[in-house]
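Please keep the sequence and the model side by side while reading. The paragraphs below go through the sheets of one chain and a helix that belongs with one of them.

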Amino acid sequence: MAVIAISVFVVAYVLIASDRINKTLVALCGGAIVLALGIVEADDAFYSHETGIDWNVIFLLFGMMIIVGVLRQTGVFEYVAIWAAKRANGSPLRIMMLLVLVTAIASALLDNVTTVLLIAPVTLLVCDRLAINPVPFLIAEVLASNIGGASTLVGDPPNIIIASRAGLTFNDFLVHMTPIVLIVMVAFIAMLPFIFRGSFDVDPERVADVMTLNEREAIRDPRLLIKCGAVLIAVFAAFILHSVVHIEPSIVALLGAGLLILISRLEQRDYLASVEWETLLFFVGLFVMVGALVKTGVVDQLARSATEFTNGNGLLTTMLILGISAPVSGVIDNIPFTATMTPIVSELSASISDLSHPHVLWWALALGADFGGNLTAVGASANVVMLGIARRADNPISFWEFTRKGLLITVVSIALSALYLWLRYFVFG
Amino acid sequence: MHAEDMAEDFPVITVDTNALEAARILAEHRLPGILVTDTDGRPYAVLPASQVVRFIVPTYVQDDPSLAGVINESWADKAAEKLGDKKVHDVLPEHLTDVPPVNADDTIIEVAALMARLRSPLIAVMKDHKLHGVITASRLLDAALRR
């Protein structure tokens, strides 16, 4: 049974990485095969926390997708982005820095793909006004979204998976991930003038054009904005006050989404428009396939091998997880990688005794998977979406053009992460 | 009545026609839409007038309609200039390329059903593998109500 589970998993992984067949179809077929062969049974797939579909992840994503779907209708993001561009007084470098900041902050609160979908059109508009090439701006923003998304539990899907499997709270991410994300963001912003050298020349006459943009016109429904803002604040307050209210993030997101639907009175097609059913089904298939590896003992064996390889050394295991996660996440989607790694990291966390902090391996996985998404143009869904937007706007970004910048940022962010993990959890821990 | 009896001559453009020229043909003749053929003269797409309007809307505004109000009047008035040297093929929405033609011997109901299902203002008519003409929605209704 273990051999079949591994075979199904490897074939599915190769097909997902090759991007030739729809990845949701591959994940669902893989899940269907292990179910049909009885490797995983209904109880394992639907009710087991160890081997089954992680409903916390599915419903947290679902709830947040609906909240974001309503938030998008308000135009608030466009308002903030244009306001920021105008505050930069038309200086392309300052505009890039401010848009990168807006993207990173939005990515911490929303998922990265949504953030990219929101920031890209505004960026194209501003660059069109300035008559400058938007490609450096789009690349900088997608890199920032992958960095910013790492800071919170809801910022990036790998974090949602890790939080659910490791029992980590929203505040755990704020305390352990946000500091390193801030450090990486500062380094990233400082590097912008050098990475995109020569991209900031602008005709002074065009600068005045940016100042004529009227950001107030972006707010289409002020009452909806107030309602949406109130619900969003309540949702994040409930995330932060988890230790007081004891409501799981998935339930908070669903309650927030339900409340927003009730008070916004939007049509069904409007609030469901942002629900990515394919992504949710992809997660379902993935969880069933990984569940088969857990049930057949493959994950246990992998964890034992990893422990033997590192000789139970906590620091070495931490750096190994970080060092493997980044390149692998950069080459294949970081979501299936994280789903596969969580049971292995769970076993390692339990078996390695000299860990100075019980969750350090989880932070290594989260940092590697999140920052690794910047490595190549296909490392994260947000990258692929941004490339598509750029192509449709007649400003195509080539794979290597993206990867040259992404590789540099990934190396810097992973090096800073390694230093952070070592200092915080092993030197001063 | 068959499709060939309803078909009429109609302005046709190719995928290589200048997009600005295509928009101008529609505007000047106040057409409900226009048939786009490939370089071999075979029907390729049907462009309703409402979709030709998209030609002058920047892609970033199509992606995020809330940006439409952000742009000031003088800039908005120059939107058509952006079309420049673009060809119809460059600005053709993909979903419009899936409008099959009808055969010359198809009945009025077959033509109406296809037009309604695809929400297309006109349909190309093929005879002997060649473009025979075009049926517009108003021409079809005229034929149907005359009986």
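What follows takes each sheet in turn, after a short note on conventions.

The model is predicted, with local features needing pLDDT of at least 70 and side-chain atom pairs counting only at pLDDT 80 or more, whereas totals for chains, interfaces and linings use all residues. Residues are numbered from 1 along each chain as its sequence is written, and chains are lettered from A and ligands numbered from 1 in the order in which they are written.

In chain B, the strands (DSSP runs of E, at least two residues, numbered from the N terminus) β1, β2 and β3 form an open three-stranded sheet in that order, with mixed pairing; strands count as paired if DSSP finds at least two bridges between them. The edges are taken by β1 (12-14) and β3 (43-48) of chain B, each of which pairs on one side only. Neighbouring strands of this sheet are turned by 30° against each other on average, direction ignored, the axes being lines fitted to C-alpha atoms. Strand β1(B) runs parallel to β2 (residues 33-37) of chain B and is joined to it by three bridges, and B:T14 has B:T37 as its bridge partner in β2(B).

A further open sheet of chain B has three strands in the order β4-β5-β6, again with mixed pairing. Because β4 (102-103) and β6 (130-136) of chain B stand at the edges with a single partner strand each, one side of each is left without a neighbour in the sheet. Strand β5 (residues 122-127) of chain B runs antiparallel to β6(B), and six bridges join the two; B:V125 has its bridge partner in β6(B) at B:G133.

Across β5 and β6 of chain B lies helix α8 (residues 137-146) of chain B, running at about 75° to β6(B). Helices are DSSP runs of H or I, at least four residues; residues are in contact if their C-beta atoms, placed from the backbone, lie within 7 Å, and helix axes are fitted over the stretch in contact, with angles running from 0 to 180 degrees between N-to-C directions.

Definitions and conventions: Contact = placed C-beta atoms within 7 Å.
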